[in-house]
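Colleague: I am new to this structure, and I would like to understand how the words used for it are earned. Could you take me through the reasoning?

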Amino acid sequence: MSRAVELDPGLARAWLTLGFSYAVEAWYASNPSVSLERWYSCMEQALLLDPGDSMARQGMADIRAARGDLGAAAEELDRALAAAPNDADTLAMIAGSRALVTGDPQQGCVLIQRALRLNPLAPLWYFSMLGRTNFVVGRYRESVVAFQQSPPDSPATLLFQSMGHAMLDEVPQAAKIAARLASEFPGFTVEGFIRTYPVTNPPALVAIREGARRAGLR
């Protein structure tokens, strides 16, 4: 991703994509604050180059929440939605933020369904957002089904799959996935995910911590 920025430092989407890479890196980093600062710098640069980029606005919302400014995060999400109310990618990303970061998780469910209608050839990551929103509002079966269509090798996919099965009292399935998560991503922890995603929405914090407890996740 850094190569794209080197080749065209004036391309806002290159900075946006690099920023999202740092966001994911923070999940595993021994010093996530470095990754979070790099994420913030990339979002700043993307918005400097293109203030109307709705995806950069959404990314900035999440990083502001990670820095503890939930009011500014909510404002950024509102700006992103106003800038691109019919852009499926933007709606899908905001859906995840409404569920996990700030706002009404039920609106997140509405937004991701709308994104899927707008983009019938949706990429796999849309289903990750669908699974997250369903999990937070307590639709555990729908969450598990959605994550069966999401990126299979993502630690977040394994996290939510294990928690979803646990909340459905499907203990063997939850334990099997939890063991895979621990084996394949030894540096990944639930609290690390919460801190760096960031998960700051109270309903999401309750849902994830309870799901993790029941799944025996660390």
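**Reasoning from values to words**

Modeller: In this predicted model, Arg-13 forms a salt bridge with Asp-53, and the closest N and O atoms of the two are 2.8 Å apart.

Colleague: Why is the pair of Arg-13 and Asp-53 called a salt bridge?

Modeller: The term asks for a side-chain nitrogen of Lys or Arg within 4 Å of a carboxyl oxygen of Asp or Glu; the N and O atoms of Arg-13 and Asp-53 are 2.8 Å apart, so the pair qualifies. The structure holds 13 salt bridges.

Colleague: What makes Arg-13 and Asp-53 a pair that ties together parts of the chain?

Modeller: Arg-13 lies in helix H2 (residues 12–28), while Asp-53 lies in the loop between helix H3 (32–49) and helix H4 (54–66), so the pair ties together parts that are 40 residues apart in sequence.

Colleague: Why is Asp-53 called buried and Arg-13 partly exposed?

Modeller: Buried means under 20% relative accessible area, and Asp-53 has 4%, so the word buried applies to Asp-53. Arg-13 has 41%, which falls between the 20% and 50% limits, and therefore Arg-13 is partly exposed.

Colleague: How do you know that Glu-76 and Arg-64 also meet in a salt bridge?

Modeller: Their side chains come to 3.4 Å, N to O, and because the limit is 4 Å, the pair counts as a salt bridge. The pair links distant parts of the chain, with Glu-76 in helix H5 (residues 70–83) and Arg-64 in helix H4, 12 residues apart. Glu-76, at a relative accessible area of 3%, is buried, whereas Arg-64, at 24%, counts as partly exposed.

Colleague: What does the salt bridge between Asp-169 and Arg-214 tie together?

Modeller: The side chains of Asp-169 and Arg-214 meet at 2.7 Å, N to O. Asp-169 lies in the loop between helix H10 (155–167) and helix H11 (171–184), and Arg-214 lies in helix H13 (residues 202–215), so the salt bridge ties together parts that are 45 residues apart in sequence. Asp-169 has a relative accessible area of 56%, and because exposed means over 50%, Asp-169 is exposed; Arg-214, at 36%, is partly exposed.

Colleague: Which residues are joined into one network by salt bridges that share partners?

Modeller: That network consists of Arg-57, Arg-64, Glu-75, Glu-76 and Arg-79.

Colleague: Which residues does Arg-214 contact, leaving aside its neighbours within four places in sequence?

Modeller: Arg-214 is in contact with Ala-166, Met-167 and Asp-169. Arg-214 and Ala-74, by comparison, are 31 Å apart in space, C-alpha to C-alpha, and 140 residues apart in sequence.

Colleague: What makes the backbone at Asp-169 and at Pro-198 worth a remark?

Modeller: Most residues other than glycine have a negative phi, and most peptide bonds are trans. Asp-169, however, has a positive phi, near 60 degrees, and the peptide bond from Tyr-197 to Pro-198 is cis, with omega near 5 degrees. Pro-198 is placed in the loop between helix H12 (190–196) and H13.

Colleague: Which members of the largest nonpolar core touch the most other members?

Modeller: Of its 73 residues, Leu-100, Phe-193 and Ile-208 do. Not counting residues up to four places away in sequence, Phe-193 touches several residues, including Trp-27, Leu-100, Phe-160 and Ile-208.

Notes. Residues numbered from 1 in each chain as written. Predicted model: local features only at pLDDT ≥ 70, side-chain atom pairs only at ≥ 80, totals over all residues. Heavy atoms only, no water. Helix = DSSP H or I, 4+ residues; strand = E, 2+ residues; numbered from the N terminus. Buried < 20%, exposed > 50% of the residue type's maximum accessible area, 1.4 Å probe, protein only. Contact = heavy atoms within 4.5 Å. Core = buried A, V, L, I, M, F, W, Y, C linked by side-chain atoms within 4.5 Å.
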